[in-house]
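Me: I have a structure open and some questions about how its parts fit together. Can we go through it piece by piece?

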Amino acid sequence: MSGATWGHTDRVEVSEASVQVAEVARRLRPLREPFIRDLFDLTLVEIAELDHDERLRGLLEASITENIVTALNYLERGPEPGDLDAPTAALAYARILAQRGVPLSALIRAYRLGHTRFLDAALAVLPDAVTGEPMAVVPHLVRQSADYLDLVCDRVGRAWEAERERWTASGFGVRRQWVDQVLADRQVDLDRAAEALGLRFDALHLAVELWPTDDVADGDVDRVVQASCDVVARHLGVRRDPLVVRTDDREVAAWFEVADGVHVDPRALATELVAAGSPVQVACGRPEHGVEGFRRSHRQARRVKLVRAASGRSEPAVTTYAEVAAVTVLAEDLDATRALVLRALGSLAEDSDRAQMLRGTLREFVLRHGSFAATAAATNLHRNSVQYRVQQAKDLCALDPTDPATAFDVLVALEAARWLGRAVLTRP
């Protein structure tokens, strides 16, 4: 009898606590957006393995967003899981991390971090959300949120493991393992690696990063990538097939064995890609020799890709390291670069079409040592138009671009604004 009474009382307490927890979730809903932004920023700071390129950061943000929305819905409904599953974005993010070789432990740490921050936010609204003693609700809040965490971690863990197994067993997974060992400068048998990868390390290598535009369907990625690599090979005049390694399901890294004196013309290559119907973005390193050159050219291409991702623009379609070598350094610390741009350009740092037009004219003017005639010839503008635009730009600029003491800072800021775009500009 006493056992039956205890069970009945427990069910009532749990039911009442679930109502209180649901109210906490409802109080958190208006705070959702700033919470997601803060958690996203904190995750990138605390878990370095998850701070990758713009695409992965976007997937991380989508995963966090869907998890928070789903968790709030779960807490409002009550403790019965029902047909609850991990959010689609969370599963997609886990699979991409598996393809990129990011350890599952980093992903689980992110979920634990999110759970801790969620409890901090929930405890902050708890006193106003519940009737009676707030601390009596805390165990139920912790248990129900932990139940959600366990379920989702189980689902995303399985997705990660299945994708990692599939990826490793595939042909491109095997190549990726060999390439990762070479790039990491580990103790690797270079002769065996060269045989497995079908290339010579004692050659001149040019690395590229290549990814289709967003409008390319997943089912068309292989075709577009192959066609694009063929176009790049023709442009470089190479005869050996390139080494192509899938970075994930929509991106590849490739190495082309090139001849001395080879040069990538970014505008010409972009035109050739368009003519071939290949809607891709290409980031090119420099030709470098030997195994160190194999690694160095790849690092250069990766840095170019980071610059392109930060800008948020799809043009130009082809960018070379020679064009943006200095900017890749600026891209490593966007906060500092953003401050430099604002200090030098002032109101000219606005992310608007008009400011972009004025920055372009001013950049040409500074590069041509303040010659209106040379700037007019370079921009195909009338000299009077150049004078008008330059004066407008100078009026907005915080530093004087014609003063030798500040002209360099202005030029660096203009280059950063040109290539990094919205990542360093201010909103109108």
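Reply: Sure. Keep in mind that this is a predicted model. Let's begin with two helices, H12 and H17. Helix H12 covers residues 321-330 and helix H17 covers residues 407-420. They pack at an angle of about 95 degrees, and their axes are 10 Å apart.

Me: Why give both an angle and a distance?

Reply: Because two packed helices are described by the angle between their axes and the distance between the axes.

Me: OK. So how are H12 and H17 oriented to each other?

Reply: Roughly perpendicular. Angles of 65 to 115 degrees get that label.

Me: Which residues meet there?

Reply: From H12, Glu323, Val324, Val327 and Leu330 take part. From H17, the partners are Val412, Glu415, Ala416, Trp419 and Leu420.

Me: How many of those are nonpolar, polar or charged?

Reply: In the contact of H12 with H17, 7 are nonpolar and 2 are charged. No polar residue is part of that contact.

Me: New topic. How many disulfides are there?

Reply: The search of the whole structure gives 0 disulfides. Take cysteine 229: the nearest cysteine sulfur belongs to cysteine 284, and it is 11 Å away.

Me: Why does cysteine 284 not bond with cysteine 229?

Reply: Because the two sulfurs are 11 Å apart, too far for a bond. A disulfide needs the sulfur atoms within 2.5 Å.

Me: Are those two cysteines buried or exposed?

Reply: Cysteine 229 is buried, with a relative accessible area of 3%. Cysteine 284 is buried as well, at 1% relative accessibility. The cut-off for buried is under 20%.

Me: What about aromatic rings? How many pairs are there?

Reply: The whole structure has 5 aromatic pairs. One of them joins tyrosine 74 and tyrosine 148. Their ring centres are 5.9 Å apart and the planes are 40 degrees apart, a tilted pair.

Me: Where do those tyrosines sit?

Reply: Tyrosine 74 is in helix H3, residues 54-77, and tyrosine 148 is in helix H6, residues 138-169. The pair therefore ties together parts 74 residues apart in sequence. Tyrosine 74 and tyrosine 148 are both buried.

Me: Can you show me another pair?

Reply: Try phenylalanine 201 and phenylalanine 294. Their ring centres are 5.4 Å apart and their planes are at 85 degrees, so this pair is edge-to-face.

Me: Which parts does that pair tie together?

Reply: Phenylalanine 201 is in the loop between helix H8 (190-197) and strand E1 (204-212). Phenylalanine 294 is in helix H11, residues 290-311. So the pair ties together parts 93 residues apart in sequence.

Me: Buried or exposed, those two?

Reply: Buried in each case. Phenylalanine 201 has 9% relative accessibility. Phenylalanine 294 has a relative accessible area of 0%.

Me: Which residues form a cluster of rings?

Reply: Phe201, Trp255 and Phe294 do, linked by ring pairs.

Me: Let's switch to single residues. Where is serine 63?

Reply: Serine 63 is in helix H3. It counts as buried, at 4% relative accessibility.

Me: What does serine 63 touch?

Reply: Apart from neighbours within four places in sequence, serine 63 is in contact with Ala89, Ala90, Tyr93 and Tyr111.

Me: Last one. Where is threonine 375?

Reply: Threonine 375 is in helix H15, residues 372-379. Its relative accessible area is 0%, so threonine 375 is buried.

Me: And what is threonine 375 in contact with?

Reply: Setting aside neighbours within four places in sequence, threonine 375 is in contact with Thr361, Glu364, Phe365, Arg368 and Val386.

Notes. Residues numbered from 1 in each chain as written. Predicted model: local features only at pLDDT ≥ 70, side-chain atom pairs only at ≥ 80, totals over all residues. Heavy atoms only, no water. Buried < 20%, exposed > 50% of the residue type's maximum accessible area, 1.4 Å probe, protein only. Axes fitted to C-alpha atoms, helices over the stretch in contact; angles between N-to-C directions. Helix = DSSP H or I, 4+ residues; strand = E, 2+ residues; numbered from the N terminus. Parallel < 35°, antiparallel > 145°, perpendicular 65-115°, else oblique. Contact = heavy atoms within 4.5 Å. Nonpolar A, V, L, I, M, F, W, Y, C, P; charged D, E, K, R; others polar. Phe/Tyr/Trp six-rings, centres within 6.5 Å; stacked < 30°, edge-to-face > 60°.
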